[in-house]
Amino acid sequence: MENNSDATKELIVRAHDGDKGARDALVTENMGLVWSVARRFVGRGHELEDLFQIGVIGLIKAIDKFDSNFDVKLSTYAVPMITGEIKRFLRDDGMIKVSRSLKENAYRAKQIGEELSKNLGREPTTSEIAQIMDISVAEVAMALESVAEVESIHKTVYQSDGNGISLIEKLAPIATDSDTDKLLDNMLLSELMNKIGDDERKIIYYRYFLDKTQTEISKLMGISQVQISRLEKRILKKMREEM
């Protein structure tokens, strides 16, 4: 992970010593980052300018809490804090607006997901749900996310027989064409993935990037499906705590 420049480190030290000018300089340098994160939440009942202002609060918190000994850039550290601040605002405000068609798709996707779980004896993939609904994977993901509580990328969207699909599973399908959005997602995921072990990374990679079932992963890794299930829950809990 790339380190901060000497100039940025100096500003951070000065900001922590109470230099308001240094903190303002750091905020100004990262305005573009705040705008990029804020744009991802447009269309949820609030003006972009309002989301930006909330995002700045998250940026300031990141600056105040940042440790210069961290082996990450300030911008990387700030992304989840800016995102979290905006999500808390949206959740607490209760103003997230969801269209009727999205709600209907979400309800149908949940019903189909539960039915597939019973018929297949495993949790279905987003692709399987989309095929039955005759809509794109992105549309299924968007519908499910629209009715899910705005919280963490590990928030369970629906659950059946002890297994669920979380928002992190849908990051790849719903990614926009924006290079900035992809960069922000990658920065956050990269940071989380670096904090878990090699075998844990394999499970997350197989499960959420290659869209494999727990049974398929158990065969690849030579351990039981029950063990994979337990490991997955433990890994997601660890990643959620890191968030």
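**Entry 1: overall make-up**

I started by counting secondary structure elements, and the protein has 13 helices and two strands. A reminder to myself before going on: this is a predicted model. Next I looked up burial, and 42% of the 243 residues in the protein are buried. The accessible surface of the protein is about 13000 Å², and carbon and sulfur atoms hold 47% of that surface. I also checked how far apart in sequence the contacting residues are. Of the contacts in the protein with a separation of 6 or more, 61% are between residues 24 or more positions apart.

**Entry 2: H1 against H2**

I then went through some helix pairs, starting at the N-terminal end with H1 (residues 6-16) and H2 (residues 20-29). Their axes come within 8 Å and cross at roughly 135°. That angle makes H1 oblique to H2, since the cut-off for roughly antiparallel is over 145 degrees. What is the handedness of the crossing where H1 passes H2? I found that H1 passes H2 in a left-handed crossing.

For the contact itself, I noted Thr8, Leu11, Ile12, Arg14 and Ala15 on the H1 side. On the H2 side they meet Ala22, Arg23, Ala25, Leu26 and Glu29. I sorted the residues of this H1 and H2 contact by type and got six nonpolar, one polar and three charged.

**Entry 3: Ser68, back towards H1**

Ser68 caught my eye next, in the loop between H4 and H5 (74-93). Is Ser68 buried or partly exposed? Its relative accessible area is 26%, so Ser68 is partly exposed. I looked for residues that Ser68 touches, leaving out those up to four places away in sequence, and found Lys9, Ile12 and Val13. Ile12 is also one of the H1 residues that meet H2. Thr8, another H1 residue in that contact, is 60 residues from Ser68 along the chain. The C-alpha atoms of Ser68 and Thr8 are separated by 9.5 Å.

**Entry 4: H3 against H4**

The next pair was H3 (residues 31-39) and H4 (residues 48-65). Here the axes come within 9 Å, with a crossing angle of roughly 125°. H3 and H4 are therefore oblique to each other. The crossing in which H3 passes H4 is right-handed.

Which residues make the contact? From H3 I listed Met31, Val34, Trp35, Ala38 and Arg39. From H4 I listed Leu48, Glu49, Leu51, Phe52, Gly55, Val56 and Leu59. By type, the residues of the contact of H3 with H4 come out as nine nonpolar, one polar and two charged.

**Entry 5: H6 and the H7 to H8 loop**

I moved on to Lys110, which sits in H6 (residues 100-120). With a relative accessibility of 29%, Lys110 counts as partly exposed. I compared its position with that of Ile129, which is 19 residues away in sequence. From C-alpha to C-alpha, Lys110 and Ile129 are 8.9 Å apart in space.

Then I checked Asp134, in the loop between H7 (126-133) and H8 (137-147). What is the phi of Asp134? Its phi is positive, at about 60°, although Asp134 is not a glycine. I looked up its accessibility too: at 69%, Asp134 counts as exposed.

**Entry 6: H11 against H12, and Tyr208**

The last helix pair in my notes is H11 (residues 198-209) with H12 (residues 214-221). The axes come within 10 Å, and the crossing angle is roughly 140°. I put this pair down as oblique, and H11 passes H12 in a right-handed crossing.

In H11, the residues in the contact are Asp199, Lys202, Ile203, Tyr206 and Arg207. They meet Gln214, Ile217, Leu220 and Met221 in H12. Sorted by type, the residues of the contact of H11 with H12 are five nonpolar, one polar and three charged.

I ended with Tyr208, which is also placed in H11. Is Tyr208 buried or exposed? Tyr208 is buried, with a relative accessible area of 5%. I also looked up its spacing from Thr125, which is 83 residues away in sequence. In space, Tyr208 and Thr125 are 9.7 Å apart from C-alpha to C-alpha.

Methods
Residues are numbered from 1 along each chain as its sequence is written. This is a predicted model: local features need pLDDT of at least 70, side-chain atom pairs count only at pLDDT 80 or more; totals for chains, interfaces and linings use all residues. Side-chain values use heavy atoms; hydrogens and water are left out. Axes are lines fitted to C-alpha atoms, for helices over the stretch in contact, and angles run from 0 to 180 degrees between N-to-C directions. Helices (H or I, at least four residues) and strands (E, at least two) are DSSP runs, numbered from the N terminus. Angles under 35 degrees count as roughly parallel, over 145 as roughly antiparallel, 65 to 115 as roughly perpendicular and the rest as oblique. A crossing is left-handed if the near helix is turned anticlockwise from the far one by less than a right angle, and right-handed if clockwise. Contact means heavy atoms within 4.5 Å. Ala, Val, Leu, Ile, Met, Phe, Trp, Tyr, Cys and Pro count as nonpolar, Asp, Glu, Lys and Arg as charged, and the others, Gly among them, as polar. Buried means under 20% relative accessible area, exposed over 50%, partly exposed in between (1.4 Å probe, protein chains only). Accessible areas come from the Shrake-Rupley method with a 1.4 Å probe; for residues, only the protein chains shown count as cover.
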